[in-house]
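Subject: Structure handover

Hi,

Here is the structure I promised to pass on. Have a look at it first, and my notes follow below.

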Amino acid sequence: MLTLVLPRLISFEGAGRRSASVVERNVTTLQPSYWLVMASGFLEPILYLFSIGVGVGALVGDLTLPDGRVIGYAAFVAPAMLASSAMSGALSETTFNFFGKMKFMKLYDGMLATPLRPIEIALGELAWAMMRGNIYAAAFLVVMVAMGLTTPGLAVGAFGAAVLVGFAFGGVGMALSTFMRSWQEFDLVASAQFALFLFSGTFVPAQAYPPVLRWVVEVTPLYRSVDLIRAVTTGEVGWLQALDVLYLLVLFALGLAVAGRRMGKLLCR
């Protein structure tokens, strides 16, 4: 039995090391301007939180959730900003940057001259994207705790949920990038991302929409992400959040599988 399992473990370990080398390459080539981009990505959800969550929230007052709980408007908006930040951080790395490396820099063609395989490159790039998304999530949660919008204990759980959201959107972003043929096509991705941001229970409960639109909203990946993180930060996790987790795991697995297969076709010709 050991002789059957050991080669697989060694294979997984080798794949992990090779994927880590992709992350190491990205770290060593960082430019100073990258940190300015990082700062802008963190400030955007903070500005939304203060302008809408706090500013508009002063006019809206408390909000009654579908289960009857009453929370402040800022506490309602903040988890959605966290989910949106995790989505944006993952998509930024796995769409524009990933596409540029693959199509124009031809970086991955050179990598395939080494023992790296397409799926290992995809895993490495996804891990790198998650580093950016995790920094956003951790910093935003510190702000939430400082503002009294959640507790430190719940923030730890929310961080884990944000990591899952990042993986799900990172897998999808990478898969979509393999189908793109030019930079102009990313306008469609940006439009879809902004539509998700506006209509995913971000600023109003989904129940406020007409019935048909409500069901469309509730099956979108960002809504499921917002629902999961909002439940965690408010301390009201139930069976529906298990479905949220399953939804995001399936989305991640499908995205990564498609990305790995497409990269194999595009790069190994």
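A quick definition to begin with: I call two residues in contact when they have heavy atoms within 4.5 Å. Among contacts in this chain between residues at least 6 apart in sequence, 77% join residues at least 24 apart.

Now the ground rules. This is a predicted model, with residues numbered from 1 along each chain as its sequence is written. Local features need pLDDT of at least 70 and side-chain atom pairs count only at pLDDT 80 or more, while totals for chains, interfaces and linings use all residues; side-chain values use heavy atoms, with hydrogens and water left out.

On confidence: pLDDT is the predictor's confidence in each residue, from 0 to 100. The chain has a mean pLDDT of 81, and 87% of its residues reach 70 or more. Helix α9 (residues 221–233) has the highest mean among the elements, 93, and helix α1 (residues 2–28) the lowest, 56. Over residues 1–12 pLDDT stays under 50, and the model has two contacts beyond four places in sequence for that stretch. Where pLDDT is low, the predicted coordinates should not be read in detail.

As for the fold, there are 10 helices and two strands, in the order α-α-β-β-α-α-α-α-α-α-α-α along the sequence. These are DSSP runs numbered from the N terminus (helices are H or I, at least four residues; strands are E, at least two). Of the 269 residues, 46% are buried; that means under 20% relative accessible area, with exposed being over 50% and partly exposed in between (1.4 Å probe, protein chains only). The accessible surface of the chain is about 13300 Å², and 71% of that belongs to carbon and sulfur atoms. Areas come from the Shrake-Rupley method with a 1.4 Å probe, and for residues only the protein chains shown count as cover.

Next, the aromatics. Rings of Phe, Tyr and Trp (its six-membered ring) pair if their centres lie within 6.5 Å; planes under 30 degrees apart are stacked, over 60 edge-to-face, and the rest tilted. By that rule there are nine aromatic pairs. One of them is Phe99 with Trp183, which is edge-to-face because the planes sit at 80°, with the ring centres 5.0 Å apart. Phe99 belongs to helix α3 (residues 73–104) and Trp183 to the loop between α6 (152–177) and α7 (186–198), so the pair ties together parts 84 residues apart in sequence. Phe99 is buried at 0% relative accessibility, whereas Trp183 is partly exposed at 37%. Phe96 and Phe186 join these two in one aromatic cluster.

Then the salt bridges (a side-chain nitrogen of Lys or Arg within 4 Å of a carboxyl oxygen of Asp or Glu). The count comes to six. Glu125 in helix α5 pairs with Lys101 in helix α3, so this bridge ties together parts 24 residues apart in sequence. Its N to O distance is 3.3 Å, and both residues are buried. Glu120 and Arg117 form another, with the closest N and O atoms 2.8 Å apart; Glu120 is buried at 1%, and Arg117 is partly exposed at 42%. In the bridge between Arg181 and Glu185 (3.1 Å, N to O), Arg181 is exposed at 70% but Glu185 is buried at 18%.

Helix α10 (residues 239–267) deserves a paragraph too. Which residues are linked with Asp244 in a network of salt bridges? They are Arg224 and Asp227. Asp244 is found in helix α10 and is buried at 0% relative accessibility. Beyond its neighbours within four places in sequence, Asp244 is in contact with Arg224, Asp227 and Leu228. Leu243 lies in helix α10 as well, but is partly exposed at 45%. Leu243 belongs to a nonpolar surface patch with Trp239, Leu240, Leu246, Val250 and Leu254, about 620 Å² of accessible area together. Patches take residues with over 30% relative accessible area and no salt bridge, joining like charges within 9 Å and nonpolar side chains (Val, Leu, Ile, Met, Phe, Trp, Tyr) within 5 Å.

One last spot: Ser85 in helix α3 is buried at 4% and touches Pro45 and Tyr136, not counting residues up to four places away in sequence.

Cheers
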